[in-house]
Amino acid sequence: MAGSRMKLELSKVVQGRCRLGQLKEMGRMGQHCLDIPGCLLYTHLGTVPHLTQDTLHTLSSLPTVTQVTLSNIAEHQDVLEEFKGGFKKFAGLHDTVLYCSLHDSAAQSPTGHTTNKTVSVWGSGGRIELTVAKFMALQRTVQPDWYQTMADGETWQTGISRKRVRKSVDRSLAHLDECLLVHQKSQELDGVSVFGVVEGGDILEERLRSARETAKRPVAGFCLDGFQNGAMDQALRSQLITAVTKELPEDKPRLLQGVGRPDEVLACVEAGVDLFEGFFPFQVTERGCALCFLFDITPDPESAAADEEQHTAGETQLNGDLNCDDQTHMTRFEMDLKDKRYQDDFRPLVEGCGCYCCRNHQRAYVHHLLVTNELLAGVLLMIHNTSHYNSFFRAVREALANDKMDLLRRRVLGTVKEESG
């Protein structure tokens with residue numbers, strides 16, 4: 001296997017698909033582990049948006065895997081090559097596993113710029129075209145602990161032809177083989193894990209072909225790509241992911257790219273996904289919103305009754321659209337703190353939340369920061385949203401361990417912790 005010591009230990013499999021366990025021996029020294037289902041730590045160039053490292057580490061139970069993207073790093077290749085110490089040292093990252101992906105799922109990239117030999121990423125300076133040689137040169141410079149191979153993932157749009165999808169799978173497999181060949185010859189990448197990318201658009205036969213062929217290669221795990229567009233029906237997405245995961249070996253992790261909304265996370269966990277990217281709290285923060293959905297599966301009877309009363313009163317209708325196809329739109333899992341009704345609301349963002357923001361500030365204060373464009377608004381919201389999202393994944397693992405996934409699903413979908421004043 002391409003330089004990997006990463007091991008997946010499953011403690012429980014529910015209904016033949018939902019997997020509970022731990023990813024062990026990660027990193028070059030093998031000292032890190034990550035509970036699954038779980039999410040990665042989303043960053044821009046190694047920094048969680050709005051947060052300094054000191055502020056970030058006031059949060060408990062942070063993911064042990066930090067995600068960076070070539071779309072952000074590629075334009076800094078010359079500087080990193082001159083530095084020579086790898087990206088972790090360059091960015092001052094300590095005690096974390098560094099995962100390098102191709103694209104940033106929180107940013108929309110133009111399409112139509114792939115060829116048989118290249119893919120493109122988009123940095124602040126525009127388009128950067130990557131061949132396998134340049135892609136692998138970047139990996140040697142970044143020196144991640146784990147990376148996804150180069151792939152043609154431009155088949156998530158609606159209306160893509162079967163021929164184009166087939167070409168995407170062929171290209172991605174060819175890129176995978178070339179990346180593995182270079183990887184095995186690169187001393188700088190010794191001990192680095194490689195994830196193969198499963199493509200196939202919305203065509204079941206191509207998804208299965210991609211999964212089967214990728215599984216034949218010596219990879220440490222799999223990235224499931226092309227499911228990020230909300231235009232794909234959730235039922236179809238779950239059907240395709242379920243079919244794909246059946247073709248993948250049980251002892252290797254599956255990372256789903258571009259899906260982060262809580263209801264979609266639950267559906268994909270039930271389809272066999274282990275890992276998710278952590279970009280959703282950032283998107284919510286950028287909208288000036290706070291995550292407020294419920295996921296406590298062991299509430300006391302009084303609070304459960306109160307939550308249920310709020311829901312039946314119709315107050316969740318204020319929270320956005322569950323079926324919205326556009327990732328930039330507000331969802332029903334968040335509250336818009338820019339709204340005037342919060343200007344004299346002196347409650348914490350979420351009752352019972354233990355994050356710094358909820359322990360020290362009120363909705364009215366964050367509303368004031370947002371309407372006056374104070375930078376502190378983003379800091380406080382990112383603290384809360386990151387904490388809330390990580391706690392949600394802990395609840396998913398707890399629900400799997402205690403056979404309460406149905407209850408958790410009803411909790412997440414049926415109530416939202418939103419109260420009008």
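**Figure 1. Cavities in the predicted model.** The count here comes to three cavities of 30 Å³ or more, and bear in mind that this is a predicted model. Rolling a probe the size of a water molecule over the atoms is what shows where empty space is left. This close-up picks out the second largest cavity, which has a volume of about 90 Å³. Around that space sit Cys39, Leu40, Leu41, Tyr42, Val48, Pro63, Gly278, Pro281, Met382, Thr386, Tyr389 and Asn390. Two elements each give two or more residues to this lining: strand E5 (41-42) and helix H14 (375-401). Helix H14 provides the largest share, with four residues. What classes of residue make up the lining? Nine are nonpolar, three are polar and none is charged.

**Figure 2. Helix H13 meets helix H14.** Stay with H14, and look at how H13 (residues 363-371) packs against it: the two axes come within 7 Å and cross at roughly 135 degrees. H13 and H14 are therefore oblique to each other. As for handedness, H13 passes H14 in a left-handed crossing. On the H13 side, the residues to look for are Tyr365, Val366, Leu369 and Leu370, and they meet Leu376, Ala377, Leu380 and Leu381 of H14. The residues of this contact come out as eight nonpolar, with no polar and no charged ones.

**Figure 3. The loop between H13 and H14.** Now zoom in on asparagine 373, which lies in the loop between these two helices, H13 and H14. Its phi is near 60 degrees, a positive value in a residue other than glycine. Most residues other than glycine have a negative phi.

**Figure 4. A cis peptide bond before proline 37.** Which form does the peptide bond from isoleucine 36 to proline 37 take, cis or trans? That bond is cis, with omega near 0 degrees. Most peptide bonds are trans. To find the spot, follow strand E3 (32-36) into the loop that leads to strand E4 (38-39), where proline 37 has its place.

**Figure 5. Helices H7 and H8 side by side.** Here helix H7 (residues 204-215) and helix H8 (residues 234-247) have axes that come within 9 Å and cross at roughly 25 degrees. That angle makes H7 roughly parallel to H8. The crossing in which H7 passes H8 is right-handed. H7 makes the contact with Leu204, Arg207, Leu208, Ala211, Arg212 and Ala215, while H8 brings Leu240, Ala243, Val244 and Glu247. Sort the residues of this contact by class and you get seven nonpolar, no polar and three charged.

**Figure 6. Helix H5 against helix H6.** The last view shows helix H5 (residues 132-142) with helix H6 (residues 162-184), whose axes come within 10 Å and cross at roughly 45 degrees. This makes H5 oblique to H6. H5 and H6 cross in a right-handed way. From H5 come Val132, Phe135, Met136 and Arg140, and from H6 come His175, Glu178, Cys179, Val182 and His183. How many residues of each class does the contact of H5 with H6 have? Five are nonpolar, two are polar and two are charged.

Definitions and conventions:
Residues numbered from 1 in each chain as written. Predicted model: local features only at pLDDT ≥ 70, side-chain atom pairs only at ≥ 80, totals over all residues. Heavy atoms only, no water. Axes fitted to C-alpha atoms, helices over the stretch in contact; angles between N-to-C directions. Parallel < 35°, antiparallel > 145°, perpendicular 65-115°, else oblique. Left-handed = near helix turned anticlockwise from the far one by under 90°. Contact = heavy atoms within 4.5 Å. Nonpolar A, V, L, I, M, F, W, Y, C, P; charged D, E, K, R; others polar. 1 Å grid on protein atoms, 1.4 Å probe; cavity = no way out; pocket = protein on both sides within 12 Å on 5 of 7 lines; lining within 4 Å. Points joined across faces, edges and corners; volume = space filled by probe spheres on them.
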